[in-house]
Structures are given as structure tokens and as C-alpha cells.
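Please look over the charged side chains and the helices in the entry below. The report that follows takes them in turn.

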Amino acid sequence: MRNNRHSPRKDMKPPLSASSSSILVRKARLSPYIFTLLAFVVFVTILYWEDFLCLLGDLDLNAEQVLTRTERKWENLPFSIGRTPVGCDVFSGRWVRDELNRPLYEESECPYIQPQLTCQEHGRPDKDYQFWRWQPHGCDLPSFNASLMLESLRGKRMMFVGDSLNRGQYVSLICLLHRLIPEGAKSMKTFGSLTVFTAKEYNATIEFYWAPFLLESNSDNAVIHRVSDRIVRKGSINKHGRHWKGANILVFNTYLWWMTGLQMKILQGSFEDEFKDIVEVTTEDAYRMGMKSMLRWVRKNMDPKETRVFFTSMSPTHAKSIDWGGEPGLNCYNQTKMIDNATYWGSDSRKSIMQVIGEVFSKSKFPISFLNITQLSSYRRDAHTSIYKKQWNPLTPEQLANPASYADCVHWCMPGLQDTWNELLFTKLFYP
């Protein structure tokens, strides 16, 4: 009777061979695992789709978008107390005149501003550059809260690392905070490359460390560093990095000093070597080397659960008025109005550097908060120190006859634009 159970019927296919049957059984047993694996792949693809696009080389995306993605991998960043509204890019917006709330402090009220940045003291006749507020499209920046900032820094170290533009942002932050600290409970001291502002009642320090390349270079002297033939030593970030250890918040910048032309000199060995092994590489490759060194240092020395790292993008210069359709031979001198072309960007070199940042930072295993101040600062040809600053060397008769020839179109008057940079830093710190 048992044999009759397996006898073929006319409406059935012939029985499978033993080997075919075993293959079918294995396929049946594996299918749940295959479906599970496929479901997992689909889930991960949806979750990290934007990251995959970036890794596949979507170079049309700007660096701010790339860095925002690296932040999304960490739900709860240290110091954060809220979130920026979904879909709001705080770096995309417009300048709005605000005479009611601007400036955030007076030049004469902040004794920490360097004489290279005190434009009113050095004769600037107008104050229009002080009354502009950055307004993102579709949302508002949270108001800068000095009390919250100081309480969050209680018992901690915050450090700015980079060049004189980062030092300007550092001083701007101190100007925004120091009024809440009693006169006898604050101090600022400089020790070589390191400047330390101490808020004694908070047991907190806000520091600036001079390292224009982040890596060791022949421009590392914090006072004497006007070097035209610049050389950067490969793999040398620990020369400066040992001074950054223990910081709870780090704000890096490096850009302007790399812009020496099409090539950059890289030292393979040591500055102490009698015969120095120096090679020349493209500016982009040199900058890429610096960015990778910085990210390696951050990954090895910072704790993503306890600390925060920021990177400020390039600060634009306005040395050629032809860039914005002006007359040849002029620059930021005597410019009291900002550029009103919303699509204005500047030189192509900035775009190539932003691509390097996007490429390198997209692979970061540490959450880097990106301060994309480049575009919004590009409009502000009116905010530079120009000729209204301390001149370290006597001006020649030829210079005096042509003020544009010695105008500083790199640095910024204070109060002014760099206070907005710190409002954005505040936003990304507490409302990422």
C-alpha cells in the first residue's frame, strides 16, 4: 500500500532525481535567510542612501551637505539641547539689516580685540557693516545665549586652532561672553603659540592655538610668520596636536596659507635635516594631506561621546573687484555696500578646495560639525578692515597716494561678520 502512495498519476510530473531533490530542499532551507539578508540590505540602503551617494562620488553636493550627513550618524551629539528644524540649512539665507539688535557689542566695550581689527579706532568713517544679521531661508537662528555658553563650558576647555582668521573668530566669541564675567574673574594670557582666556568662576578656558597649516611648517612662529616660501612637513600634526589634547570643544580652520599658487612644497623628513627632501604637489593634494592628518588626529584623540569638533570653511577675500564685476585694479577699499548678487561665489580655487573637503570628510568616522561660512561671507566685501587698522610698517608715499594698494581685504572689522560665524557655531553646538 505504501508503494501505491508514490505511484505517478497522469496529472503529475515525473519524480525528480535524488540529486535534484536535494538541491531543491537546500534552496527551500536557504530562502528565509536570503529574504532576511535582502530585507537588511534594503533597510540599510534606505537609511544611509545619502551616504552611499556621497561615497559613490556625487561631487555636485557641497561640503556642508556632506558634513551634515556625518552628523546624522550620531543621534545625540554632546552639548546639544535641541535640533535645527528638519530641512533648514542655516548656511543658506540672506543678510537683513537690523539696527535694533546690531551690533551685539561695541568695539570700545571689548578690550580683547587686536588693533588689526579695530576699524573705528583707526578712522573708519561708517558703521553700516555692523548692522547686518544673517537670516536663513525657512527658519531662524536661535539667539546667542552667553549664559548658556558659559554654563556649558564650566570646568571645560574650548580651543580654536588655525590662523589669524580663526583667531578673529576666537576673539569675537570672547567679546560675546566676557561682559557676564566680573572684571577680576577673567584674564587673557599668551604663551608662544597659545593664547588662553580664563573665566575663573566657571573654571573654564577658551583658547587659541596658532597653527596656520595644522601641520608643522616654517610659518609656525606666532609673531614672525610672514613667509612667502612656505613649506609644510608631512605627517607632523602631533607637533602641534599635543597641545590640543584634553580640549572638550575644538574649532579648526586652515585654508588661506595653503593658497601659495598652483604648487605647495612638502617636506618629507625633518626641518632639522641638513639636506631637506622637499617635493612639490598641487595645492589640492597638499590640502587633502592636511585634512586627512587632522581627521586621523581627531579620531585617535577625541571622544565622540564627550567632545565636539568643528571645522570652519574658507574665509573669502575680496582682493579683485573684477570678481564681482567692478573696475580692474580695485579691491575692498572704499566698499561700503555688500555684493547683492545671490549667486556670487568668488574664485574657482574655493570650489576645488570645497570638493576636497567634501571628499575627505565624507569618509570621517568621527562626527565633524561643519561651519560653512564661505558663501554667506562672500557677499561681505564691505566688512573687511581695509586700511582701517594698525599698520606694522610705515607706509610709503606711494602707498599713501593709493590706499587700495595696502588695503587688507582678508581680515574683518570687529564687531561685524565674525560675530555671525559664532552665532552659527552656537547653533551647531546646541541645536545640530
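## Glu-183 and Lys-186

Glu-183 counts as exposed, because its relative accessibility is 64% and the cut-off for exposed is over 50%. This is a predicted model. The partner of Glu-183 is Lys-186: their side chains meet in a salt bridge, 3.9 Å from N to O. Lys-186 is buried, because its relative accessible area is 10% and buried means under 20%. The bridge therefore joins an exposed Glu-183 to a buried Lys-186.

## Salt bridges across the chain

How many salt bridges does the structure hold? The count is 16. Glu-359 and Arg-288 form one of them, with 3.1 Å between N and O. This pair links distant parts of the chain, 71 residues apart. Glu-359 sits in helix α9 (residues 348–361), and Arg-288 sits in helix α8. Glu-359 is partly exposed, because its relative accessibility is 28%. Arg-288 is buried, with a relative accessible area of 18%.

Lys-389 and Asp-408 also pair through their side chains, at 2.7 Å from N to O. Lys-389 lies in the loop between β13 (384–386) and α11 (397–401), while Asp-408 belongs to strand β14 (residues 408–412), so the bridge ties together parts that are 19 residues apart in sequence. Are these two residues buried or exposed? Both Lys-389 and Asp-408 are buried.

A further group forms a network. Salt bridges link Arg-97, Glu-99 and Asp-128.

## A positive patch

Which residues form the positive surface patch? Lys-234, Lys-292, Arg-296, Arg-299, Lys-300, Lys-363 and Lys-365 make it up. Arg-299 is found in helix α8, which runs over residues 283–301. Arg-299 counts as partly exposed, because its relative accessibility is 44%. A patch residue needs over 30% relative accessible area, so the 44% of Arg-299 meets that cut-off.

Helix α8 thus appears in two settings. Its Arg-288 is in a salt bridge with Glu-359, and its Arg-299 is part of the positive patch.

## Helix α12

Helix α12 covers residues 417–430. Is α12 mostly covered or open to the surface? The helix is mostly covered: 14 of its 14 residues are buried.

Its length can be checked too. At 1.5 Å a residue, the 14 residues of α12 should span 20 Å. The end C-alpha atoms are 21 Å apart, which agrees with the expected span.

Terms used
Residues are numbered from 1 along each chain as its sequence is written. This is a predicted model: local features need pLDDT of at least 70, side-chain atom pairs count only at pLDDT 80 or more; totals for chains, interfaces and linings use all residues. Side-chain values use heavy atoms; hydrogens and water are left out. Patches are made of residues with over 30% relative accessible area and no salt bridge: like charges are joined within 9 Å, nonpolar side chains (Val, Leu, Ile, Met, Phe, Trp, Tyr) within 5 Å. Accessible areas come from the Shrake-Rupley method with a 1.4 Å probe; for residues, only the protein chains shown count as cover. A salt bridge is a side-chain nitrogen of Lys or Arg within 4 Å of a carboxyl oxygen of Asp or Glu. Lys and Arg count as positive and Asp and Glu as negative; His and the chain ends are not counted. The place of a charge is taken as NZ of Lys, CZ of Arg, CG of Asp or CD of Glu. Helices (H or I, at least four residues) and strands (E, at least two) are DSSP runs, numbered from the N terminus. Buried means under 20% relative accessible area, exposed over 50%, partly exposed in between (1.4 Å probe, protein chains only). The expected span of a helix is 1.5 Å times one less than its number of residues.
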